Structure formats: structure tokens, C-alpha cells
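Hi,

Here is the structure I promised to pass on. Have a look at it first, and then read my notes below.

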Amino acid sequence: DADPAFTYGMPGTYRTAETVRTKGPYEPPMKHLVQGAYTNEWVESAMTKQSSLPKKTYVPPVPTRAAIGHAIGAQQKYLRQPAGGEEWKMTKFRTTGSKVSQYMGGRTGTSAAAA
């Protein structure tokens, strides 16, 4: 820089017109800043601004055509009644009996038929 006294940004003593209008022409005492006297000041000002705004109404989301199509496909796939008959088994295990007599949901097919 050509001017050695030039500095970037605002000097620490500069106060904007908005700051002077809301806070006054003088800086707050350092003691109050250190002791946290202004802790809730921003929250209170934000709450007053929020209360002056109009209430937002809830707008439910609108499903897209693709989402509707996926939902219809899922209904057709999962809400279909299961086909009758016995459960599928590999052919080499159809002749062997079950060695588990009970599971978390109740009894197995062979032990339930025996009971």
C-alpha cells in the first residue's frame, strides 16, 4: 500500500447509525460485558421481532406422480393375500423332519400339527 497509515475494515471505535440509534451514543461499560449483563438482550429482541411477524400456516406436502406410482406398486405387492399351500422348501429337505420344536413366534409346522 502507498499509505502506511491505511487500515482495512472499520476502526474499533466506529459505531453504525443503527447501533447508536438502538444502544445510545456511548459504549456499554466493560464491567457489564464481562459479567454477562447483556446475555438475554438478543433473545428478547428476537422474540419481539418474531411476535410481530404473521403466523405461518402449515402446508402439507403434495406427493409427486412418481411417489403415488410407487405407493400403488407397494400396495399391490405387499397387501396381496399370501398364496395358499405349504411353504416353499428345497427338495432335498422335504423328506426330513424339523429338529426345532419351538421358536419365538410359537410352534413350528410339524410340532403344531402333532399337538
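Before the notes, one bit of vocabulary: Ala, Val, Leu, Ile, Met, Phe, Trp, Tyr, Cys and Pro count as nonpolar, Asp, Glu, Lys and Arg as charged, and the others, Gly among them, as polar. Please also keep in mind that this is a predicted model.

That vocabulary helps with the second largest pocket. Its lining residues split into five nonpolar, four charged and one polar. If you want to find them in the viewer, look for R15, T19, K23, Y26, E27, P28, P29, L33, Y38 and E41. The space in this pocket is about 150 Å³.

Now for the overall picture. The protein has five helices and two strands, and along the sequence they come in the order α-α-α-α-β-β-α. How much of the protein counts as buried? Just 3% of its 115 residues do. The accessible surface adds up to about 11,600 Å², with 61% of that belonging to carbon and sulfur atoms.

One residue to click on is L33. You'll find L33 in helix 2, which covers residues 30–35. Is L33 buried or exposed? It falls in between: its relative accessible area is 46%, so L33 counts as partly exposed, the range between 20% and 50%. L33 also belongs to a nonpolar surface patch of about 420 Å², together with M30, V34 and Y38. Both L33 and Y38 turn up again in the lining of the second largest pocket.

Cheers

Notes:
Residues numbered from 1 in each chain as written. Predicted model: local features only at pLDDT ≥ 70, side-chain atom pairs only at ≥ 80, totals over all residues. Heavy atoms only, no water. Helix = DSSP H or I, 4+ residues; strand = E, 2+ residues; numbered from the N terminus. Buried < 20%, exposed > 50% of the residue type's maximum accessible area, 1.4 Å probe, protein only. Areas by Shrake-Rupley, 256 points an atom, 1.4 Å probe, with all protein chains shown as cover. Patch = residues over 30% accessible without salt bridge, like charges linked within 9 Å, V, L, I, M, F, W, Y side chains within 5 Å. Salt bridge = Lys/Arg side-chain N within 4 Å of Asp/Glu carboxyl O. 1 Å grid on protein atoms, 1.4 Å probe; cavity = no way out; pocket = protein on both sides within 12 Å on 5 of 7 lines; lining within 4 Å. Points joined across faces, edges and corners; volume = space filled by probe spheres on them.
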